[in-house]
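Please open the model in a viewer and keep the selection tool at hand. The stops below are meant to be taken in order.

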Amino acid sequence: QYIDAIQLYDGEEPIFDAHGIEMEIERSLDKKVWLKSGGYLVIDQTEALTAVDINTGKFVGKHTLEDTILQINLEAVREIVYQLKLRNIGGLIIIDFIDMEKPAHREKVFNALEDALKKDKAKTHILQISEFGLIEMTRQRNRGSLMQTIFTSCPYCHGSGMIKTHESTSIEVERALKKIINCQQQFA
């Protein structure tokens, strides 16, 4: 059915570069995702859940602060749904929207998220925005996420993203050497 849509690519530039795919892959692996307005998302994946935090960043609106926050949150909704699909994120997802004082704005953001998720093939379930601006949702997990597909755990930090400082490591080495010396003195 798609045979007529297939075309041979014979360009000089690598096909992923020519169509911006390489850039999208790189963007999908970043923890921080910039929005066109200057705001940004921070996406943190753990074993148990994924947290998405929305921030105003460089964006300063033209109207009131509340309108600015609404605009960023609405822009974030579209990007969040896109990133969930692109990164193939499933399981429990917590979205921390910028706090909105007006209940009508919270409702507008919730409805925008609900509408955007209707286009997602993965089954989702979302709860209303809490007073803190949080949305809890689940998304069907079909296979491993993009991060799990591309990366493996670091053998040094075991996936924590943290490694010991040189000072901490040297203290551990010093203690281990003292143990060895003490052990050798006891058997001598």
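The tour of this predicted model proceeds from the nonpolar core to the strands and ends at a loop.

**The core.** Begin by selecting Leu-41, Ile-54, Ile-80, Ile-95 and Phe-97, the residues with the most contacts inside the largest nonpolar core, which has 30 residues. Next, colour the elements that give two or more residues to this core: strand 2 (40–45), strand 3 (49–55), helix 3, strand 4, helix 4 (103–117) and strand 6 (134–139). Helix 3 supplies the largest share, nine residues. In soluble globular proteins, nonpolar side chains tend to be buried together.

**Ile-54.** Centre the view on Ile-54 and display its surroundings. Beyond its neighbours within four places in sequence, Ile-54 is in contact with residues including Leu-41, Ile-72, Ala-76, Ile-80, Ile-95 and Phe-97. Tyr-40, Asn-73, Asp-96 and Ile-98 are also among its contacts.

**Strand 6.** Select strand 6 and show its side chains. Which of them are buried? Ile-135, Met-137 and Arg-139 point to one face and are buried, whereas Leu-134, Glu-136 and Thr-138 point to the other and are not.

**Partners of strand 6.** Add strand 4, which runs antiparallel to strand 6 and is joined to it by six bridges; Ile-94 stands opposite Glu-136. Then add strand 5 (residues 124–126), also antiparallel to strand 6, with three bridges between them. Here Ile-126 has Met-137 as its bridge partner.

**Asn-88.** Finally, select Asn-88, in the loop between helix 3 (65–87) and strand 4 (91–96). Its phi is near 55°, a positive value in a residue other than glycine. Asn-88 counts as buried because its relative accessibility is 10%, and the cut-off for buried is under 20%.

Notes:
Residues numbered from 1 in each chain as written. Predicted model: local features only at pLDDT ≥ 70, side-chain atom pairs only at ≥ 80, totals over all residues. Heavy atoms only, no water. Helix = DSSP H or I, 4+ residues; strand = E, 2+ residues; numbered from the N terminus. Buried < 20%, exposed > 50% of the residue type's maximum accessible area, 1.4 Å probe, protein only. Core = buried A, V, L, I, M, F, W, Y, C linked by side-chain atoms within 4.5 Å. Contact = heavy atoms within 4.5 Å. Pairing = 2+ DSSP bridges.
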